[in-house]
Amino acid sequence: MKKLEDLQELISKAVTKLSFPLHPAELYEPLTYILSIGGKRMRPALLLMACDLFGGDVDEALAPALAIEVFHNFTLMHDDIMDNAPLRRGRTTVHEKWNQNVAILSGDVMLIEGYKLMMQVKDRLLRPILDIFNNTAVGVCEGQQIDMEFEQRTDVAINEYIKMIRLKTAVVLGGALKIGALIGGAEIKDAELLCNFGEHLGIAFQLQDDILDVYGDPEKFGKQVGGDIISNKKTYLLIKAFELADDKIASDLRALINKKDFDNEEKVKAVTDIYNELDIRQYAETEVHQYADKAFKALDEINLPEDHKQYLRDFADGLMVREN
């Protein structure tokens, strides 16, 4: 079994070798630029890992793994436009560096480049793998739309939030694992179980992210702690707080959210105090464990050698026990 870090390194090297046409420069330069910003390359590495788990040739899975990475970065390019974000991983976003129209069109061609890479799988696998890729891509778009709709709503329920993060985040993990498993020679049943493992793990990971945003160590988290609170983002913690709050606490929380002029630190502390009063962190951590348990249940049913399953368990544990 190859180490995850080695697979991530393999992807990083392959990304640097991706080449796009030179003209028109403003269409293609943003692709190379956003891919050069980096990241953990976790999604494509999972595709390679799944292929390796089932005894497949990792080199055969490299092009579709790159397709997942190119697709992921396409979504980031368009997300940054929607969020009007000035920075991505500490670097200027594409729409800021060039302009919004360039970012839209470059994102469009990036999606197509992703399909060209995904189509490099063997012909016998092309249709089932493109079906998975299509369903994954549609899911991400649906998740993003639902997330944007949440911004205008005050009545978001926990089950709606879980559905949104499954679509926006978790389906890509599940889809990458399923594609890798099929390339590696897995039976469809095992590929679907591995997909379930990835989706449930992805939900647990996002819920953990919600917790870290409030309770993480700013030195290790790598992002502004309390960023979700400052931007009034509908997270598990906020939704659960409204669900559990009595009228007075709900009124206080609503006042903090509606306040237009505020000190960031004071707002983060006031909302966090409400979360602590309602024991929200405990509820969130319980939810994380429930989805992690669902992931492990799917894993137990996969027809793989025990040492390969243990590799996945260790990977999942490493993903969940984190500070960033």
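In this predicted model, the largest nonpolar core takes in 116 residues, and the ones that touch the most other members are Met49, Ile183, Leu194, Phe197, Leu207 and Tyr275. Helix H8, which spans residues 158-183, chips in the most to this core, with 16 residues. As a bit of background, nonpolar side chains in soluble globular proteins tend to be buried together.

Leu207, one of those well-connected core members, gives a feel for what such a spot looks like. Setting aside residues up to four places away in sequence, Leu207 touches Tyr161, Ile162, Ile165, Tyr236, Glu287, Val288 and Tyr291.

Met49, another residue on that core list, also turns up where two helices meet. Helix H3 (residues 42-53) packs against helix H16 (residues 306-320) at an angle of about 165°, and their axes sit 11 Å apart. Since angles over 145 degrees count as roughly antiparallel, H3 is roughly antiparallel to H16. The crossing of this pair is left-handed. On the H3 side, the contact is made by Met42, Leu46, Met49 and Leu53, while H16 brings His308, Tyr311, Leu312, Phe315 and Leu319. Sorted by class, that makes eight nonpolar residues, one polar and no charged ones.

Then there is Asn73, which sits in helix H4 (residues 62-83). Is Asn73 buried or exposed? Its relative accessibility is 0%, and buried means under 20%, so Asn73 counts as buried. As for its company, and leaving out neighbours within four places in sequence, Asn73 is in contact with Ile34, Leu35, Arg41, Arg89 and Met110.

Conventions. Residues are numbered from 1 along each chain as its sequence is written. This is a predicted model: local features need pLDDT of at least 70, side-chain atom pairs count only at pLDDT 80 or more; totals for chains, interfaces and linings use all residues. Side-chain values use heavy atoms; hydrogens and water are left out. Axes are lines fitted to C-alpha atoms, for helices over the stretch in contact, and angles run from 0 to 180 degrees between N-to-C directions. Helices (H or I, at least four residues) and strands (E, at least two) are DSSP runs, numbered from the N terminus. Angles under 35 degrees count as roughly parallel, over 145 as roughly antiparallel, 65 to 115 as roughly perpendicular and the rest as oblique. A crossing is left-handed if the near helix is turned anticlockwise from the far one by less than a right angle, and right-handed if clockwise. Contact means heavy atoms within 4.5 Å. Ala, Val, Leu, Ile, Met, Phe, Trp, Tyr, Cys and Pro count as nonpolar, Asp, Glu, Lys and Arg as charged, and the others, Gly among them, as polar. Buried means under 20% relative accessible area, exposed over 50%, partly exposed in between (1.4 Å probe, protein chains only). A nonpolar core is a set of buried Ala, Val, Leu, Ile, Met, Phe, Trp, Tyr and Cys residues joined through side-chain atoms within 4.5 Å.
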